[in-house]
Structures are given as structure tokens and as C-alpha cells.
Amino acid sequence: MLNTGNDIVHAADLLKKGELVVIPTETVYGLAANAFDSSAVDKIYKLKNRPRTNPLILHISGIDQVDRYASDIPEVARLLMKHFWPGPLTVLLPKTTLVPDYITAGSKNVALRVPRKKITLDLLQSLDFPLVAPSANPFTYISPTRPEHLFYCYGAETPYVLDGGPCEEGIESTIIGFDEEKIVVYRPGAITFEELEKVSGQAVVPFDKETVKEVTPGMHHKHYSPKTNVILDSIEHMESLESDNTGWITFSRPLNRPNSFYLGKDGIASAASQLYDTLYQMDRLGLSTIFIEQLPEIELGRSLMDRLKRSASK
Ligand code: TXA
Ligand code: MG
């Protein structure tokens with residue numbers, strides 16, 4: 001049984017005592033600790049079995065907190081934060097001395113985000129410290145988007161889960177940084193390139209090791225992976241296959257066969273919100289392989305394909 005509830009006073013007490021709390025956000029559930037408590041932060045790395053070289057996002061209560069933790073903020077960064085916060089945008093900026101090195105894995109930059117889920121914003125506003133929170137899954141597993149997913153992550157070891165219901169976006173935040181004036185996307189996510197371009201009025205470039213000077217730590221290729229083997233394929237080819245003990249996820253039309261999940265009925269945003277939940281469910285079916293339909297790499301399709309390619313990589 002999981003220890004869940006919607007008691008933010010209890011959650012705040014645990015965090016003040018140096019304990020972990022699972023917090024809901026509009027993207028995925030996060031495993032939160034007081035950012036200024038190094039032994040609490042250690043517990044995150046231990047429970048997730050996450051390499052110490054992979055830094056943590058600092059979750060703050062509002063844009064008014066940015067200048068405490070970041071400096072040399074480009075105008076376009078302020079414009080984007082104003083527009084998208086609270087919401088699924090994470091911004092990499094030079095950190096101030098207030099930000100401990102143990103949360104940035106030694107990097108001079110800090111990743112900042114203001115989540116939109118009301119219960120978590122209320123929690124953050126009630127605290128006098130910010131929270132670090134990676135996605136709550138064990139390292140390389142699927143990010144949880146429902147409280148019940150946590151049971152499959154840590155069983156009885158799961159810390160208190162603040163229940164915020166399902167995560168509306170269902171895919172992680174978009175991480176951006178700045179190379180001089182250029183907007184660089186380090187991780188495509190719930191906010192699309194197209195939305196960033198529309199709001200900023202400038203072109204957005206994907207992170208590319210060749211052209212961007214500072215390399216982001218912790219961009220692991222294998223990630224977001226169910227235990228079941230994943231293969232990406234076209235719908236036409238999937239339709240031509242016959243195979244027992246196989247699962248199927250499609251976006252453009254349903255496949256009429258067992259273990260098949262059609263996520264495209266209400267559009268791509270709805271598909272994104274269901275994808276990880278579907279993978280959690282399918283991972284419990286004892287299937288040998290899950291075939292997933294490839295998507296065109298535009299708008300949210302680009303973000304979903306980023307995750308799907310990683311989940312399919314060996
Ligand atoms: O939607 C989200 O962003 C969720 C929710 C819980 O907020 N959080 C999340 O955190 O996805 P995590 O730790 O699973 O992924 C954050 C990514 C990691 O790949 C990490 O390497 C990168 O952000 N990151 C964090 N701080 C960084 C920094 N200072 N410099 C470069 N990359 C950073
Ligand atoms: Mg993660």
C-alpha cells in the first residue's frame with residue numbers, strides 16, 4: 001500500500017525534517033527534497049539509483065524567486081518565463097552562489113522551473129526553501145504520471161505521495177538554455193519548439209554537441225524505458241505483423257487485436273498525457289515486445305519521438 005494524501009502541511013513537515021516527498025506536477029510526478037539539505041538530496045540519488053553526474057531541477061514558487069538563484073538572465077529568457085510559468089518550461093541559467101554545487105553536479109548553470117499543479121505550487125509557497133525534484137522513477141525507468149505508478153517504482157519504500165491526480169501533460173518539461181542570444185532546446189517536452197518560436201519571435205535550435213559549447217551532463221541515451229522490449233515502427237508495417245504475446249501502441253488508427261492501445265483518438269496532447277500510463281500498464285502484462293507507432297517529428301510529436309527513441313534504445 002502507498003502512503004498517499006493531499007495534506008500539504010504533512011508534506012511540508014516531512015521536507016523540513018529532511019525526508020523525501022513525491023510531488024505531482026503538470027508533467028510527471030517528482031521525487032522532492034529541500035534543495036538546501038545535502039543529506040536529503042543524497043536520499044534522492046540513492047532511492048532513484050541516479051548517477052551523481054546528473055543534476056537536478058530547482059523548483060521554485062514563482063518568477064519573483066529567479067534572481068535569487070540565477071544571474072545574467074537574457075531578456076528573452078525573462079519573456080519566456082513570464083509567458084510559460086507556472087508551466088512545463090525549465091530554464092538553464094548561470095547560478096548564483098546560493099545554489100549548492102551538489103544539485104547542479106558541479107555545473108555553473110542551474111535549471112529552474114515553476115510547476116503549475118496547484119497543490120504543489122501551494123506547497124512551494126508555504127516553504128522557505130525551494131525543492132529539487134527529478135522525475136520520481138528509478139533511473140532509466142518510465143516517469144510516473146499517476147500516484148499508483150509509484151508502487152511499481154519503490155513498493156513499500158515509496159515516500160509520502162502528495163496526490164494531485166493524473167498529470168495533465170504526461171511528458172516532462174521542455175528544457176531550454178541560451179547560447180549568446182540563441183535559444184537552445186536541451187530536452188524537447190511539453191512545450192513545443194513551435195510555441196517557443198511564436199512567443200520569442202526567434203528560431204529555436206535543438207541541442208547539438210557539435211555546435212553548443214557547454215555540454216549538458218546527464219543526457220543519457222537509454223531512458224524512459226519499460227522493462228519490456230520496445231520497437232518503433234510504421235502503422236502499415238505493424239498492421240502486416242502477426243505476433244503472439246506482443247503489445248501495440250498506435251496514434252493514427254486503432255489495431256483491432258489483443259493488447260493494443262490506441263492513443264490518438266483525441267489528438268496528440270491527449271496521446272502524450274496517456275503514453276507513460278499506458279507503458280506502466282503494458283509493462284505488467286508479461287509481453288515480450290511492445291510495438292509503438294512512429295510519429296511525425298513536429299510539435300508534440302518531436303517530444304514524444306525523443307522519448308520513444310530512448311525507450312527503444314538498448
Ligand atoms: O517535468 C519535469 O521537468 C520533471 C518534473 C518533476 O518537474 N522533472 C524532471 O527532472 O524531468 P529529471 O531530473 O528527471 O530531468 C531533468 C533533466 C536531467 O536530464 C538533467 O540532466 C537536466 O534536466 N538538468 C538539470 N539540471 C541541470 C543543469 N544544471 N545543467 C544541465 N542540465 C540539467
Ligand atoms: Mg527523469
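These notes cover the ligand 1 site, the two sheets with their helices, and two backbone details of a predicted model.

1. **Ligand 1 shell.** There are 24 residues around ligand 1. Those that come nearest are Thr27, Asn54, His59, Asn109 and Ser173. By class, the shell splits into eleven nonpolar, nine polar and four charged residues. Strand β6, residues 109-113, is the element that gives the most to this shell, with four residues.

2. **Polar contacts and burial.** Three side chains place a polar atom by an oxygen atom of ligand 1. For asparagine 54 the distance is 2.7 Å. For serine 135, the N or O atom of the side chain is 2.9 Å from a ligand oxygen. For arginine 187 the distance is 2.9 Å. How much of ligand 1 does the protein bury? Taken alone, ligand 1 exposes 670 Å², and 97% of that is buried by the protein.

3. **The eleven-stranded sheet.** This sheet is open, and its pairing is mixed. The strand order reads β1-β8-β2-β3-β7-β4-β6-β5-β9-β10-β11. Its edges are β1 (4-5) and β11 (204-206), each of which pairs on one side only. Strand β6, noted above for the ligand shell, sits between β4 and β5 in this order. Strands of a sheet pair through backbone hydrogen bonds, in either the parallel or the antiparallel sense.

4. **The β5-β9 pair.** Here the sense is parallel: strand β5 (residues 89-94) and strand β9 (residues 174-179) pair over three bridges. To check the register, look at threonine 90, which stands opposite isoleucine 175 in β9.

5. **Helices on that sheet.** Two helices can be listed here. Helix α4 (residues 75-84) packs on the sheet and touches β5, β9 and β10 (182-187). The direction of α4 makes about 150° with that of β5. Helix α1 (residues 8-16) also packs on the sheet. The strands touched by α1 are β2 (21-23), β3 (30-34), β7 (131-132) and β8 (160-162). Between the directions of α1 and β8 the angle is about 135°.

6. **Backbone details.** Which two residues does a cis peptide bond join? They are tryptophan 85 and proline 86, with omega about -10°. Proline 86 belongs to the loop between α4 and β5. A second site to inspect is asparagine 245, whose phi is positive, about 55°, although this residue is not a glycine. Asparagine 245 is in the loop between α9 (235-240) and β13 (246-250). For context, most peptide bonds are trans, and most residues other than glycine have a negative phi.

7. **The four-stranded sheet.** This open sheet has parallel pairing and the order β12-β15-β13-β14. Strands β12 (229-233) and β14 (260-262) form its edges, each pairing on one side only. On average, neighbouring strands are turned by 15° against each other, direction ignored. Strand β12 runs parallel to strand β15 (residues 289-293), and five bridges join them. Within this pair, leucine 232 stands opposite isoleucine 292 in β15.

8. **Helices on the four-stranded sheet.** Helix α10 (residues 268-282) packs on the sheet and touches β13, β14 and β15. Its direction makes about 170° with that of β13. Helix α11 (residues 299-312) packs on the sheet too, touching β12 and β15. The direction of α11 makes about 130° with that of β12.

Key: Residues numbered from 1 in each chain as written. Chains lettered and ligands numbered in written order. Predicted model: local features only at pLDDT ≥ 70, side-chain atom pairs only at ≥ 80, totals over all residues. Heavy atoms only, no water. Near = heavy atom within 4 Å. Polar contact = N/O pair within 3.5 Å; in protein donor to acceptor, adjacent residues only side chain to side chain. Areas by Shrake-Rupley, 256 points an atom, 1.4 Å probe, with all protein chains shown as cover. Nonpolar A, V, L, I, M, F, W, Y, C, P; charged D, E, K, R; others polar. Pairing = 2+ DSSP bridges. Contact = heavy atoms within 4.5 Å. Axes fitted to C-alpha atoms, helices over the stretch in contact; angles between N-to-C directions.
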